[in-house]
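I opened the notebook to record what I looked up, entry by entry. The sequence and the model come first.

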Amino acid sequence: MTLPKWTKTYELRANRRTLRVQVSEHSNGFYASCLWFADKRLLKAPDQPGSNPVQSEIVFETTEDAVLSKIVEWAETKFGETFELAEL
């Protein structure tokens, strides 16, 4: 991956979820990345371990519109919801 020329931030919103997406332009195309919590956060008591497992999805396309469509399609497939995209 080359150094990005620019980066934009988007939110994917559905009834139960809000996901943050970063889209960046590189010399070879566009990348979109999304971080999300893999499971529910496990709260911890003092002196007890807790967890906040995070996973990521990264997609590549040759245009900004294509990479945004691909990340929305991935989110709908992964989480089974219809998402709306909004630039921040």
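In which strand does E25 lie? I found E25 in strand β2, residues 18–26, where strands are DSSP runs of E with at least two residues, numbered from the N terminus.

I noted that this is a predicted model, in which local features need pLDDT of at least 70 and side-chain atom pairs count only at pLDDT 80 or more, while totals for chains, interfaces and linings use all residues. Residues are numbered from 1 along each chain as its sequence is written, and side-chain values use heavy atoms, with hydrogens and water left out.

Entry on E25. I looked up its surroundings and saw that E25 is buried (under 20% relative accessible area, 1.4 Å probe, protein chains only). E25 has no salt bridge, which would need a side-chain nitrogen of Lys or Arg within 4 Å of a carboxyl oxygen of Asp or Glu; the nearest side chain of opposite charge, K5, is 4.1 Å away. I did find a polar contact (a pair of N or O atoms within 3.5 Å, one able to donate a hydrogen and the other to accept it) of 2.4 Å between the side chains of E25 and W6, and W6 also stands opposite E25 in β2.

Entry on the sheet. I read the order of the open, five-stranded sheet as β4-β3-β2-β1-β5, with antiparallel pairing (at least two DSSP bridges between two strands). The edge strands, β4 (54–61) and β5 (84–87), each pair on one side only. Eight bridges join β1 to β2.

Entry on R17. I placed R17 in the loop between β1 (6–13) and β2.

Key:
Helix = DSSP H or I, 4+ residues; strand = E, 2+ residues; numbered from the N terminus. Buried < 20%, exposed > 50% of the residue type's maximum accessible area, 1.4 Å probe, protein only. Lys, Arg positive; Asp, Glu negative; His and termini not counted.
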